Amino acid sequence: MADKVLLEVKDLKRHFDLGKNQILKAVDGISFDIYQGETFGLVGESGCGKSTAGRTIMGLYNRTDGEVSYGGRNVHEMSEKERYEFLRNMQMIFQDPYASLNPRSTVFEIIAEPMEVHGLHKKKEAMQRRVYQLLEDVGLNRDHANRYPHEFSGGQRQRIGIARALALDPDFIIADEPISALDVSVQAQVVKLLQKLQKEKGLTYLFIAHDLSMVKYISDRIGVMYLGHMVELTTSDQLYANPLHPYTQALLSAIPIPDPDIEESRERMLLEGELPSPINPPSGCVFRTRCPHAMDVCAQVKPAWQEQEPGHFVACHLYQ
């Protein structure tokens, strides 16, 4: 992992106006950096805002507030020409391999489309060679190029989606839960493919998921989100060895251990209550309504985002 910061996210917010004076605060002030060549994992349960954060970073959603900088340039203040170039450097792998591919296009047309839009490989032979090479890079072959998405399994479709994301030779890829819709037996294959491609092409990943065990396997550092807020951030090894935030501890305790004796005897941290609505989040600490360590101050004051240990950030009154 290099020391160069490729992506900077500062106090990013993305709110949705639902009408009738209702504001859904999907992302409500998160900050983190991603270094060139690393995989940054962003995790949390469904509804925490992690996918919205990824789409806002990409520019698919306009920010409500805050700043996203890529290579020192503000993503949301780029000119049309700058954004055109930016989209060659940052691509996205979507969650659902069934919905993200046009069923009426062949695999060749799906992978070639980004290159056609950006005016690359104008000669038919060059375009064909590039598409065939991308298919081979993701573990498919040129015979698959003239088939349609419905002829493939979920894992194969996701490989096609990865090939499409690589078509413009990007530096940065946002992988939005790329394995959650796949069979467990296929998930590891796709993750290993992503790692292989990262090593070969020098890619940087923002890997969004809710499966902490898989995120640990692929990520260098991990940020944990809850109800639109970042609650903890550190290296993958440190997060598993010494989780500080009660929410992170609960997520880790839910991961099954493949030893039945240990699994039966270990103590789990169970969260009570339902996930609050981002339309009307709790005052102070947003996690306090489900936290077993909640104190009076948690309802009154929002915990500060601070570095508790070198490189280990947390937002919790237990450490303030």
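**Exercise 1.** In this predicted model, classify Glu 77 as buried, partly exposed or exposed, and find its salt-bridge partner.

Solution.
Step 1. The relative accessibility of Glu 77 is 56%. The cut-off for exposed is over 50%, so Glu 77 counts as exposed.
Step 2. The side chain of Glu 77 meets that of Arg 63 in a salt bridge, with 3.2 Å from N to O.
Step 3. This pair links distant parts of the chain, 14 residues apart: Arg 63 lies in the loop between α1 and β4, and Glu 77 in the loop between β5 and α2.
Step 4. Arg 63 has 26% relative accessibility and counts as partly exposed.

**Exercise 2.** Determine which elements the salt bridge between Asp 176 and Arg 55 connects, and whether Asp 176 is buried or exposed.

Solution.
Step 1. The closest N and O atoms of Asp 176 and Arg 55 are 3.8 Å apart.
Step 2. Asp 176 belongs to strand β7 (residues 172–176) and Arg 55 to helix α1 (residues 50–58); 121 residues separate the two.
Step 3. Asp 176 has a relative accessible area of 2%. Buried means under 20%, so Asp 176 is buried.
Step 4. Arg 55, at 26% relative accessibility, is partly exposed.

**Exercise 3.** Find the salt-bridge partner of Glu 8 and state how many salt bridges the whole structure holds.

Solution.
Step 1. Glu 8 pairs with Lys 10, the closest N and O atoms being 4.0 Å apart.
Step 2. Glu 8 is partly exposed at 26% relative accessibility, and Lys 10 is partly exposed at 44%.
Step 3. A search of the whole structure gives 8 salt bridges.

Terms used: Residues are numbered from 1 along each chain as its sequence is written. This is a predicted model: local features need pLDDT of at least 70, side-chain atom pairs count only at pLDDT 80 or more; totals for chains, interfaces and linings use all residues. Side-chain values use heavy atoms; hydrogens and water are left out. Buried means under 20% relative accessible area, exposed over 50%, partly exposed in between (1.4 Å probe, protein chains only). Helices (H or I, at least four residues) and strands (E, at least two) are DSSP runs, numbered from the N terminus.
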